[in-house]
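Welcome! Please take a moment to look over the chain below before reading on.

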Amino acid sequence: MYAYCYFCETQKCSTIAALISRTLNETCFSPEIIQRKWTKGVCEEIRHQWLPGYIFHYTEEPLDHPIHMPGIIRRLGDGELKDEDLAFANMLYEHNGVMGTIHLAEVGQHCTVSDPLWQKMEGKVIKIDRGRKRCCVEFTFDQVRRTVWLGYEMIQLAKGEQTEI
(Lines give C-alpha, C1' and ligand atoms only; values in the text may rest on other atoms or scores of the structure.)
Protein backbone atom coordinates (compact mmCIF):
# COMPACT_ATOMS: atom_id res chain seq x y z
CA MET A 1 0.00 0.00 0.00
CA TYR A 2 1.34 3.42 -0.99
CA ALA A 3 0.19 6.59 0.75
CA TYR A 4 0.22 10.18 -0.52
CA CYS A 5 -0.84 13.42 1.08
CA TYR A 6 -2.10 16.46 -0.81
CA PHE A 7 -2.53 20.02 0.40
CA CYS A 8 -5.76 21.46 -1.02
CA GLU A 9 -8.03 24.44 -0.78
CA THR A 10 -9.73 23.84 2.55
CA GLN A 11 -13.30 24.23 1.29
CA LYS A 12 -12.74 21.64 -1.45
CA CYS A 13 -11.04 18.84 0.53
CA SER A 14 -14.06 16.58 0.93
CA THR A 15 -15.13 17.09 -2.69
CA ILE A 16 -11.66 16.35 -4.05
CA ALA A 17 -11.27 13.25 -1.86
CA ALA A 18 -14.69 11.92 -2.98
CA LEU A 19 -13.85 12.61 -6.63
CA ILE A 20 -10.51 10.77 -6.42
CA SER A 21 -12.17 7.82 -4.65
CA ARG A 22 -14.95 7.61 -7.21
CA THR A 23 -12.92 8.10 -10.40
CA LEU A 24 -9.81 6.08 -9.49
CA ASN A 25 -11.58 3.52 -7.29
CA GLU A 26 -8.95 4.05 -4.57
CA THR A 27 -9.15 5.08 -0.92
CA CYS A 28 -8.96 8.83 -0.42
CA PHE A 29 -10.29 10.95 2.43
CA SER A 30 -10.01 14.18 4.35
CA PRO A 31 -9.45 13.20 8.03
CA GLU A 32 -12.22 13.91 10.52
CA ILE A 33 -12.46 13.81 14.30
CA ILE A 34 -15.47 12.95 16.43
CA GLN A 35 -15.96 15.31 19.33
CA ARG A 36 -18.52 15.11 22.10
CA LYS A 37 -20.65 18.13 22.89
CA TRP A 38 -23.04 18.30 25.82
CA THR A 39 -26.18 20.37 25.18
CA LYS A 40 -28.78 20.57 27.96
CA GLY A 41 -27.58 17.29 29.44
CA VAL A 42 -27.61 15.43 26.10
CA CYS A 43 -24.37 14.15 24.62
CA GLU A 44 -23.97 14.68 20.87
CA GLU A 45 -21.11 13.34 18.79
CA ILE A 46 -20.20 15.78 16.04
CA ARG A 47 -17.74 15.24 13.17
CA HIS A 48 -15.31 18.01 12.30
CA GLN A 49 -12.46 18.29 9.83
CA TRP A 50 -9.36 17.23 11.71
CA LEU A 51 -6.60 18.43 9.38
CA PRO A 52 -8.29 21.11 7.26
CA GLY A 53 -6.65 21.42 3.87
CA TYR A 54 -5.17 17.89 3.71
CA ILE A 55 -6.34 14.72 2.00
CA PHE A 56 -4.73 11.28 2.14
CA HIS A 57 -4.68 9.03 -0.93
CA TYR A 58 -3.86 5.28 -0.81
CA THR A 59 -2.93 3.17 -3.84
CA GLU A 60 -1.91 -0.41 -4.55
CA GLU A 61 0.67 0.67 -7.15
CA PRO A 62 3.05 3.65 -6.83
CA LEU A 63 2.06 6.82 -8.66
CA ASP A 64 4.69 8.10 -11.11
CA HIS A 65 3.29 11.65 -11.03
CA PRO A 66 1.08 13.68 -8.66
CA ILE A 67 -2.62 14.14 -9.30
CA HIS A 68 -3.50 17.54 -10.76
CA MET A 69 -7.02 18.94 -10.47
CA PRO A 70 -8.62 22.23 -9.47
CA GLY A 71 -8.31 22.74 -5.70
CA ILE A 72 -5.15 20.69 -5.19
CA ILE A 73 -2.29 23.03 -4.33
CA ARG A 74 0.56 20.51 -4.07
CA ARG A 75 1.54 16.98 -3.08
CA LEU A 76 3.53 16.77 0.13
CA GLY A 77 7.01 15.32 -0.11
CA ASP A 78 8.80 13.96 -3.16
CA GLY A 79 6.43 11.05 -3.67
CA GLU A 80 4.90 8.47 -1.40
CA LEU A 81 4.97 9.09 2.34
CA LYS A 82 7.81 7.51 4.32
CA ASP A 83 8.88 6.86 7.91
CA GLU A 84 6.84 8.76 10.53
CA ASP A 85 4.59 10.30 7.88
CA LEU A 86 3.75 6.85 6.52
CA ALA A 87 3.09 5.52 10.04
CA PHE A 88 0.70 8.43 10.65
CA ALA A 89 -1.05 7.88 7.30
CA ASN A 90 -1.40 4.15 8.05
CA MET A 91 -2.93 4.93 11.45
CA LEU A 92 -5.49 7.15 9.69
CA TYR A 93 -6.16 4.40 7.13
CA GLU A 94 -6.81 1.86 9.90
CA HIS A 95 -9.48 4.21 11.31
CA ASN A 96 -10.98 5.02 7.87
CA GLY A 97 -9.91 8.64 8.32
CA VAL A 98 -12.13 9.18 11.37
CA MET A 99 -10.44 9.70 14.73
CA GLY A 100 -12.26 9.51 18.02
CA THR A 101 -13.53 5.92 18.01
CA ILE A 102 -14.54 5.17 21.57
CA HIS A 103 -13.20 2.03 23.18
CA LEU A 104 -15.85 0.40 25.30
CA ALA A 105 -14.73 -0.88 28.68
CA GLU A 106 -16.29 -3.61 30.78
CA VAL A 107 -16.37 -3.93 34.56
CA GLY A 108 -13.32 -5.81 35.80
CA GLN A 109 -10.99 -4.92 32.93
CA HIS A 110 -7.55 -3.58 33.76
CA CYS A 111 -6.54 -0.29 32.21
CA THR A 112 -3.94 2.47 32.12
CA VAL A 113 -4.84 6.16 32.18
CA SER A 114 -3.49 7.55 28.90
CA ASP A 115 -3.36 11.22 29.96
CA PRO A 116 0.32 12.15 30.61
CA LEU A 117 -0.62 13.95 33.85
CA TRP A 118 -1.61 10.60 35.33
CA GLN A 119 1.84 9.15 34.53
CA LYS A 120 0.45 5.85 33.18
CA MET A 121 -1.50 5.12 36.38
CA GLU A 122 -2.87 1.56 36.30
CA GLY A 123 -6.25 0.55 37.64
CA LYS A 124 -9.36 -1.55 37.20
CA VAL A 125 -12.75 -0.56 35.83
CA ILE A 126 -15.34 -0.98 38.60
CA LYS A 127 -18.39 0.90 37.25
CA ILE A 128 -19.58 2.18 33.87
CA ASP A 129 -21.88 5.09 33.01
CA ARG A 130 -22.71 4.38 29.36
CA GLY A 131 -24.96 7.44 29.06
CA ARG A 132 -22.10 9.79 29.87
CA LYS A 133 -19.48 7.54 28.24
CA ARG A 134 -17.27 7.30 31.28
CA CYS A 135 -16.12 4.67 33.72
CA CYS A 136 -15.06 4.56 37.34
CA VAL A 137 -11.49 3.35 37.71
CA GLU A 138 -10.08 2.05 40.98
CA PHE A 139 -6.36 2.45 41.64
CA THR A 140 -4.03 2.36 44.62
CA PHE A 141 -2.16 5.46 45.73
CA ASP A 142 -0.20 5.68 48.96
CA GLN A 143 -1.44 2.18 49.83
CA VAL A 144 -5.08 3.39 49.76
CA ARG A 145 -7.66 2.33 47.19
CA ARG A 146 -9.09 5.33 45.38
CA THR A 147 -11.61 5.79 42.58
CA VAL A 148 -12.01 8.36 39.83
CA TRP A 149 -14.52 8.79 36.99
CA LEU A 150 -12.83 9.09 33.58
CA GLY A 151 -14.09 9.43 30.01
CA TYR A 152 -13.57 6.37 27.80
CA GLU A 153 -11.04 8.30 25.72
CA MET A 154 -8.75 8.76 28.74
CA ILE A 155 -8.13 5.07 29.35
CA GLN A 156 -6.33 2.36 27.45
CA LEU A 157 -7.48 -1.15 28.16
CA ALA A 158 -4.93 -3.91 28.70
CA LYS A 159 -4.02 -5.75 25.49
CA GLY A 160 -6.46 -8.47 24.57
CA GLU A 161 -9.26 -6.77 26.53
CA GLN A 162 -10.13 -4.04 24.01
CA THR A 163 -13.39 -3.86 22.08
CA GLU A 164 -14.70 -1.02 19.92
CA ILE A 165 -18.13 0.49 19.43
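Here is a short tour of the sheets and of the helices that lie across one of them.

This is a predicted model. One open sheet has 4 strands in the order β2-β5-β1-β6, and another open sheet has 3 strands in the order β4-β3-β7. As background, strands of a sheet pair through backbone hydrogen bonds, in either a parallel or an antiparallel way.

**The sheet of 4 strands**
- Pairing in the β2-β5-β1-β6 sheet is antiparallel.
- Because β2 (27-29) and β6 (72-75) stand at the edges with a single partner strand each, one side of each has no neighbour in the sheet.
- From one strand to the next, the twist averages 25 degrees.
- Strand β5 (residues 54-59) pairs with β2 in the antiparallel sense, over 3 bridges.
- If you would like a spot to look for, find C28, which stands opposite H57 in β5.

**Helices across that sheet**
- Helix α1 (residues 13-24) lies across β1 (2-8), β2, β5 and β6, and it runs at about 15 degrees to β5.
- Helix α2 (residues 83-94) lies across β1, β2 and β5, running at about 85 degrees to β5.

**The sheet of 3 strands**
- The pairing in the β4-β3-β7 sheet is mixed.
- Its edges are β4 (42-49) and β7 (98-99); each has a single partner strand, so one side of each is left without a neighbour in the sheet.
- Strand β3 (residues 32-39) pairs with β7 in the parallel sense, over 2 bridges.
- Within this sheet, E32 has V98 in β7 as its bridge partner.

Conventions
Residues numbered from 1 in each chain as written. Predicted model: local features only at pLDDT ≥ 70, side-chain atom pairs only at ≥ 80, totals over all residues. Heavy atoms only, no water. Pairing = 2+ DSSP bridges. Axes fitted to C-alpha atoms, helices over the stretch in contact; angles between N-to-C directions. Contact = heavy atoms within 4.5 Å.
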